[in-house]
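Biologist: Could you walk me through this predicted model? I would like to hear the reasoning behind each label.

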There are 2 protein chains.
Amino acid sequence: MADLSIDVVAKAAGVHRSTVSRAFSRPEAVKSETREHILRVAEGLGYTMSPLAQALRRKTSTFVPLIVPDITNPFFAELAKTMTQAADERGYQLLLCVTNGDPAKTDGYFTAMQAMYAPFGIVAPSTKVDTEALKRFDFGHRVVVIDRVEGDTSVPTVTVDSRRGIILALEHLRSLGHTSIGYVSGISGTHTAQDRMDAYLELSAEGGNSPVVLDSGSDPDTGARAAQHFLEMNNPPTAIIAANDMVAFAVISALGKSGIRVPEDVSVIGFDGLALGARFNPALTTVRQPIADMGSIAIELAEKQNLTGSVDHVVLEPELLVRASTCGPRK
Amino acid sequence: MADLSIDVVAKAAGVHRSTVSRAFSRPEAVKSETREHILRVAEGLGYTMSPLAQALRRKTSTFVPLIVPDITNPFFAELAKTMTQAADERGYQLLLCVTNGDPAKTDGYFTAMQAMYAPFGIVAPSTKVDTEALKRFDFGHRVVVIDRVEGDTSVPTVTVDSRRGIILALEHLRSLGHTSIGYVSGISGTHTAQDRMDAYLELSAEGGNSPVVLDSGSDPDTGARAAQHFLEMNNPPTAIIAANDMVAFAVISALGKSGIRVPEDVSVIGFDGLALGARFNPALTTVRQPIADMGSIAIELAEKQNLTGSVDHVVLEPELLVRASTCGPRK
DNA sequence: TCGATTGCTGAGATCGGTTGCAATAACAGT
DNA sequence: ACTGTTATTGCAACCGATCTCAGCAATCGA
């Protein structure tokens with residue numbers, strides 16, 4: 001089991017190491033008998049190539065970093081899960097990098113990944129992406145962002161149509177009979193959050209009911225504050241749209257603490273479509289983002305940019321996922 | 001910004017590359033003026049050493065794999081989060097490896113990590129650890145397991161005292177006045193799950209009330225089945241202990257679907273202490289595992305084993321976290 | 001039959017560092 | 001001033017692959 005290098009295999013197979021190398025990485029360049037013999041010998045020895053040495057020499061590796069702010073957030077966790085899959089289907093190995101929102105860490109990961117000869121990376125930010133900062137790094141030119149990027153179309157992105165999602169939520173709620181629909185914002189600073197909020201503001205007004213933003217904070221207490229606000233209103237809305245599932249959870253939890261029941265007393269709809277939502281109490285009605293698709297498309301875009309230099313922007317369609325947290329307003 | 005190798009820095013500083021190397025990795029071996037000069041030059045150029053090249057030559061790296069079955073499970077996510085932190089405080093870089101419960105993938109990660117010259121690794125399994133399989137790999141000898149390992153004390157472990165946790169839960173519930181306390185198992189096959197269940201069975205009987213295992217499945221539907229079972233009983237328990245928080249969520253959700261309210265109709269207590277529990281509806285009372293401690297201790301044990309060969313087994317104490325999902329039984 | 005292709009394989013430099021060993025400089029002690 | 005240490009630095013081999021360039025044999029056309 002000890003130190004298996006390419007030379008060992010070469011000796012065992014009676015060929016030169018360059019032939020072994022070719023047998024693995026450029027099979028058509030080796031006579032098939034030779035190749036098969038080498039592969040057999042290698043197999044027998046339990047030999048695998050050193051990704052380190054390969055990366056060093058080739059100046060390119062198969063490590064693909066996925067940079068997320070917080071793996072504890074189920075959205076990013078699901079993204080990570082589906083992307084790992086998508087990545088190794090394409091022969092890459094996903095490296096999960098967690099920044100905790102610290103830009104310094106992000107920079108650190110960038111240089112590290114550069115040093116690891118990662119061919120490209122995926123960034124799923126919690127705040128607006130500073131594309132200028134991105135481009136200070138060579139590596140920043142080989143990145144795709146999961147979210148929109150302000151005023152700069154030179155970096156590939158994949159996003160979900162936020163406006164469409166809000167439309168789905170509003171339509172659902174209205175079809176249930178709601179006319180007074182409140183909103184709780186998610187982490188501000190993100191484009192998606194901003195888009196959702198803007199869409200709500202605009203579409204809500206269009207629909208004839210005046211927008212009620214219960215809270216627009218970005219911290220973990222948003223849900224609690226929104227609930228507080230709700231309780232203090234004379235005429236609280238009969239339904240609430242939460243900018244994302246986690247906020248929806250928090251709102252429902254805080255509301256429940258004060259005896260307000262969902263959906264009996266107020267309907268709540270989330271945005272994300274987390275698997276976790278199915279186990280919530282009540283199971284959360286939500287606008288589902290196609291997280292798996294986002295992941296695989298992000299990788300495709302990255303690959304494509306890397307090969308052809310093309311910079312694409314893909315916008316995906318969300319869909320309504322009706323579970324148990326919404327119903328008609330009480331009379 | 002282009003190709004910065006050690007030779008570039010050496011030339012710029014007017015020294016040999018070995019001196020530059022030493023200036024970074026063995027500072028005391030270089031005259032301090034020289035070293036400072038080199039460091040200054042390197043800094044100016046924006047140079048960092050290639051971890052790849054270092055690992056290749058040294059035959060040891062700072063990559064530490066954390067192998068988990070499912071990052072979507074908040075327990076593992078929290079573990080990953082705290083461990084990333086703990087790891088880079090000690091100069092390691094945590095590499096998250098997700099197996100989705102596939103043993104083949106686990107094997108794959110092992111050989112990959114071996115090839116990356118990882119000094120050691122951490123395994124947080126969902127099922128029993130096959131130590132024999134572990135030891136087929138060189139790398140398997142440099143691993144610490146977060147969970148107990150059956151009959152084999154040759155691999156370091158860090159665990160939480162399951163029995164103690166169950167005691168805390170039972171005590172809490174009993175002090176609230178409950179005498180009929182049911183149980184819902186988590187993923188079977190894990191030691192922790194088995195331990196918790198055994199502890200429940202034994203201690204429940206000791207306490208005078210007969211054990212009621214609502215479900216002992218291992219799939220995502222455990223919660224629903226448990227709820228079903230609960231509903232069909234003539235004399236359902238007034239409180240339920242769930243083997244872990246996720247199951248508790250599912251049980252409460254399923255119960256809620258049938259109009260059973262927590263804690264008014266039945267108290268539920270979880271096991272894990274996930275941050276997410278605070279946002280559940282109702283906020284989940286639970287037995288908290290010191291996840292952060294588990295993570296940093298795991299790394300310490302790994303380091304220690306690596307240095308001294310010592311194989312330690314650390315057992316941590318859980319603590320009760322009272323939130324809103326438990327109260328006295330209704331009269 | 002002979003030079004020109006074509007197909008395979010071997011040599012050896014190289015990727016970016018590390019490290020044992022040799023060489024030189026600096027410093028003590030007498 | 002001279003020798004014995006000790007502190008620094010340079011040299012060059014090496015880690016495990018890749019890849020360009022040559023060499024050699026087999027094949028092909030005339």
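Biologist: Which residues come nearest to DNA strand C?

Modeller: There are 29 residues around DNA strand C, and those that come nearest are A:Thr34, A:Arg57, B:Ile6, B:Ser21 and B:Arg57. A residue gets onto that list if one of its heavy atoms lies within 4 Å of the strand.

Biologist: What makes B:Arg57 a polar contact of DNA strand C?

Modeller: An N or O atom in the side chain of B:Arg57 is 2.5 Å from a base oxygen of DNA strand C. The cut-off for such a pair is 3.5 Å, so the label applies. The side chain of B:Arg58 has an N or O atom 3.4 Å from a phosphate oxygen of the strand, and for B:Arg22 the distance to a base oxygen is 3.5 Å.

Biologist: Which elements give two or more residues to that surface?

Modeller: They are helix H2 (17–25) and helix H4 (51–58) of chain A, together with helix H2 (17–25) and helix H4 (51–58) of chain B. H2(B) supplies the largest share, 5 residues. By residue class, the surface near DNA strand C divides into 9 nonpolar, 11 polar and 9 charged.

Biologist: And on the DNA side, what share of the atoms within 4 Å of the protein belong to sugar or phosphate?

Modeller: For DNA strand C it is 52%, with the rest in bases.

Biologist: Let's turn to chain A. How many helices and strands does chain A have?

Modeller: Chain A has 12 helices and 12 strands.

Biologist: Why is chain A called more spread out than a compact globule?

Modeller: For 331 residues the globule rule gives 20 Å, while the radius of gyration of chain A is 25 Å; that is well over the rule, so the description follows. Along its principal axes, the C-alpha trace of chain A spans about 85 × 40 × 30 Å. Of the contacts in chain A between residues at least 6 apart in sequence, 70% join residues at least 24 apart. Buried residues account for 51% of chain A.

Biologist: Now for a single residue: why is B:Thr285 called buried?

Modeller: Buried means under 20% relative accessible area. B:Thr285 has a value of 0%, so it is buried. This residue lies in strand E10 (residues 285–288) of chain B.

Biologist: What does the side chain of B:Thr285 reach?

Modeller: The side chain of B:Thr285 reaches the backbone nitrogen of B:Arg323 at 2.9 Å. Leaving aside neighbours within four places in sequence, B:Thr285 has contacts that include B:His172, B:Val268, B:Leu321 and B:Arg323.

Conventions
Residues numbered from 1 in each chain as written. Chains lettered and ligands numbered in written order. Predicted model: local features only at pLDDT ≥ 70, side-chain atom pairs only at ≥ 80, totals over all residues. Heavy atoms only, no water. Polar contact = N/O pair within 3.5 Å; in protein donor to acceptor, adjacent residues only side chain to side chain. Helix = DSSP H or I, 4+ residues; strand = E, 2+ residues; numbered from the N terminus. Nonpolar A, V, L, I, M, F, W, Y, C, P; charged D, E, K, R; others polar. Rg over C-alpha atoms; globule rule 2.2 N^0.38 Å. Buried < 20%, exposed > 50% of the residue type's maximum accessible area, 1.4 Å probe, protein only. Contact = heavy atoms within 4.5 Å.
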